[in-house]
Amino acid sequence: MTFRELLKTKRITQVEIARIMGVRQSAVSAWVCGKSLPTMNKCKRLAKVLGVSVKTLVESFEDK
């Protein structure tokens, strides 16, 4: 499952996750498109917000 699919499954928009994470929507868009990756600290917080393990989150960035 990709990060995009993970957000869709959890019914969270890029704008919402950006607001929750305190980053710009363009940063989240870059994560979704695979142009950049969140830092480890952000990964930990993202995993908690999305209700998944850090491993699942990291794997979502690897799935293309």
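Biologist: Why does Cys-43 count as buried?

Modeller: Happy to explain, and please keep in mind that this is a predicted model. The relative accessibility of Cys-43 is 6%, and buried means under 20%. The value falls under that cut-off, so Cys-43 counts as buried.

Biologist: Where is Cys-43 placed, and what does Cys-43 touch?

Modeller: Cys-43 sits in helix 4. Not counting residues up to four places away in sequence, Cys-43 touches Pro-38, Leu-57 and Phe-61.

Biologist: What makes helix 4 roughly perpendicular to helix 5?

Modeller: Look at the angle. Helix 4 (residues 40-50) and helix 5 (residues 54-62) pack at about 110 degrees, and their axes are 9 Å apart. Angles of 65 to 115 degrees count as roughly perpendicular, so helix 4 and helix 5 earn that description.

Biologist: Which residues make the contact between helix 4 and helix 5?

Modeller: From helix 4 come Met-40, Cys-43, Lys-44, Leu-46, Ala-47 and Leu-50, while helix 5 supplies Val-54, Leu-57 and Phe-61. Sorted by kind, the residues of this contact are eight nonpolar, no polar and one charged.

Biologist: Why are helix 2 and helix 4 called oblique to each other?

Modeller: Helix 2 (residues 14-21) and helix 4 pack at an angle of about 120 degrees, with axes 11 Å apart. Roughly perpendicular covers 65 to 115 degrees and roughly antiparallel begins over 145. An angle of about 120 degrees fits neither class, so helix 2 and helix 4 are oblique. Their crossing is right-handed.

Biologist: What residues build the contact of helix 2 with helix 4?

Modeller: Helix 2 brings Ile-17, Ile-20 and Met-21, and helix 4 brings Lys-42, Arg-45, Leu-46, Val-49 and Leu-50. They divide into six nonpolar, no polar and two charged.

Biologist: Now for Ser-60 in helix 5. How do you know whether Ser-60 is buried or exposed?

Modeller: The same kind of check works here. Ser-60 has a relative accessible area of 2%, and the cut-off for buried is under 20%. Ser-60 is therefore buried.

Biologist: Which residues is Ser-60 in contact with, leaving aside its neighbours within four places in sequence?

Modeller: Those partners are Met-1, Thr-2, Phe-3 and Leu-6.

Biologist: What makes the pair of Leu-57 and Ser-60 a polar contact?

Modeller: The backbone oxygen of Leu-57 lies 2.5 Å from a polar atom of the Ser-60 side chain. A polar contact needs a pair of N or O atoms within 3.5 Å, so the distance of 2.5 Å meets that limit.

Key. Residues are numbered from 1 along each chain as its sequence is written. This is a predicted model: local features need pLDDT of at least 70, side-chain atom pairs count only at pLDDT 80 or more; totals for chains, interfaces and linings use all residues. Side-chain values use heavy atoms; hydrogens and water are left out. Axes are lines fitted to C-alpha atoms, for helices over the stretch in contact, and angles run from 0 to 180 degrees between N-to-C directions. Helices (H or I, at least four residues) and strands (E, at least two) are DSSP runs, numbered from the N terminus. Angles under 35 degrees count as roughly parallel, over 145 as roughly antiparallel, 65 to 115 as roughly perpendicular and the rest as oblique. Contact means heavy atoms within 4.5 Å. Ala, Val, Leu, Ile, Met, Phe, Trp, Tyr, Cys and Pro count as nonpolar, Asp, Glu, Lys and Arg as charged, and the others, Gly among them, as polar. A crossing is left-handed if the near helix is turned anticlockwise from the far one by less than a right angle, and right-handed if clockwise. Buried means under 20% relative accessible area, exposed over 50%, partly exposed in between (1.4 Å probe, protein chains only). A polar contact is a pair of N or O atoms within 3.5 Å; within protein, one must be able to donate a hydrogen and the other to accept it, and residues adjacent in sequence count only if both atoms are side-chain atoms.
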